Amino acid sequence: MKQIILGAFEINGVNLTSQGVWAHPDQHTHRYKDLSYWIELARLLERGFFDFLFLADSYGYPSLGGETPEVAFRQAVEIPKNDPMLLIPALAAATEHLSFAVTSSSTFEQPYANARRFATLDHLTGGRIAWNVVTTSSAVVADLFGREPVAHDERYAMAQDFLTLSYKLLEGSWEDGSVLADKAARRYADPAKIHQVVHEGPYYRSTGYFNCEPSPQRVPVLVQAGASATGRAFAAANAELVFLQGKDAPMLREQVADLRRRAGEQGRDPDSVKTISGLSVVTAPTREEAERKLDDYLSYVDPEAARVYYASMTGIDLAALDPDAHFSTVRTEGGRTQVERYKDSTVREATADFLRRGMREFILTGTPQELAEEIGRLVEDTGLDGFNYTPFVSPGSYADLVDDVIPELQKLGLVRENYGRGTFRERLFGSAHLPADHPAAQFRPGREAGA
Ligand SMILES: Cc1cc2nc3c(=O)[nH]c(=O)nc-3n(C[C@H](O)[C@H](O)[C@H](O)COP(=O)(O)O)c2cc1C
């Protein structure tokens, strides 16, 4: 069987995706402010041969009808949370192989500053960095930044312009071989090989030199997770690692095939896009015990907090809808992924499902051996390349996976037995840089296609 890509889904805050589970006795996320918590976690992930730690993020917090319900503060729904990017150099220093994917919003960040941060992280991690490119729908964030909210499809048009400028800065400013660092000749860099970038896009303009020298990967590994039709088109054009969201294997199989087809239509090798989806496992010596353990975690979900969390992602208050209405009739200018996921369900079914899962995809229970076999079947049934492991409690859910399930996955050949070397992109695709058929490649000096 093919080896899977394994990521850990984290947020630099108190709740992950199941609102209320922060209060479970085995939960240690309240330590999120301590670097030691993250260092211990990163080392645990490396012990389990994880490929990367994914740090999701947004500036937002819930708002319903313009007000932040008190439950958001009481249950720490998306507030408080710290900036995840600032953890990464410390975690890179504490690990050798683990890569880091971190969210940065194309709707609210500035392309030049963002590219510079990622280039710096690529240097400091030795090429172990990925950028989860998100468009941000939150009206709360628009208010926080003093901006007008941007409509759904326009957010993706902005994101494409943001990426195009990022490609020019990261690929087009400093040629290979521009840095000499020749002390004897007293020449640090060769001016003939360093070029001004000129960008006059529909949303962003920039003229001048990028002020970071080329980093190991140049462009960070590009991650994307929008599942709307526009989001998928954007992913097919740009992304290398796509987080798919579906509620079952057939839905994911269809998404994997659709994404690969779209990447091909964009002139990209379909194999240059890897797909992963969420996975939670709860394990115990018997399936019954594992199910009881899951029920215990879920008993901490706060329904009111979950509803508020759903609204903050989608702009939709589930309680304001007719429970018997069909979800396919629901429309939003917010994030569409969590709406399209329920297109075949009633509002009542969708609400019940969301309370159980949050944003999770697969939740598997069983003995370590049963789980390993089921994960193998999921890979075969869907064509997925891997999973974003989403814990219920941290670090306990990771320890369960690493100590009990990973050895079984290794027996099936699904998880590696030692790490290779190289940048994140080399580990995923065998090359440190984006391939020639990726849109960023056209901005390499000598291949400049114009502003
Ligand atoms: C695994 C996963 C991680 C995500 N992480 C973030 C994140 O860190 N920040 C964010 O604002 N949105 C995040 N999202 C949401 C998506 O990036 C996207 O904005 C959302 O699905 C709406 O996209 P759409 O309008 O194309 O449906 C994540 C989604 C998934 C499945």
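Student: Which residues of E2 are buried on one side, and which on the other?
Tutor: In this predicted model, both faces of strand E2 are covered, and every residue named here is buried. Phe52, Phe54 and Ala56 lie on one side, while the other side carries Leu53 and Leu55.

Student: Why is strand E2 largely enclosed by the rest of the structure?
Tutor: Strand E2 spans residues 52-56, and its enclosure is judged from how many of these residues are buried. It is largely enclosed because the buried residues number 5 of the 5.

Student: Which residue of E3 is the bridge partner of Phe54?
Tutor: Strand E2 runs parallel to strand E3, residues 99-105, and 4 bridges join the two. Strand E1, residues 5-11, is also parallel to E2 and is joined to it by 5 bridges. In E1, the residue opposite Phe54 is Phe9, whereas in E3 the bridge partner of Phe54 is Ala101.

Student: What unit do E1, helix H1 and E2 make?
Tutor: Strands E1 and E2 run parallel, and helix H1, residues 35-47, belongs with them to one unit. The three elements together make a right-handed β-α-β unit.

Student: Which helix gives the largest share of the largest nonpolar core?
Tutor: The largest nonpolar core has 118 residues, and Phe52 and Leu53 are among those that touch the most other members. The largest share of this core, 8 residues, comes from helix H6, residues 152-172.

Student: Which residues does Phe52 touch, not counting those up to four places away in sequence?
Tutor: Phe52 is buried on one side of E2. With residues up to four places away in sequence left out, the residues that Phe52 touches are Gly7, Leu98, Ser99, Phe100, Ala101, Ala130 and Phe424.

Technical notes
Residues numbered from 1 in each chain as written. Predicted model: local features only at pLDDT ≥ 70, side-chain atom pairs only at ≥ 80, totals over all residues. Core = buried A, V, L, I, M, F, W, Y, C linked by C-beta atoms within 7 Å. Buried ≥ 20, exposed ≤ 12 C-beta atoms within 10 Å, placed from the backbone. Helix = DSSP H or I, 4+ residues; strand = E, 2+ residues; numbered from the N terminus. Contact = placed C-beta atoms within 7 Å. Pairing = 2+ DSSP bridges. Right-handed = clockwise from strand over helix to strand, strands pointing away.
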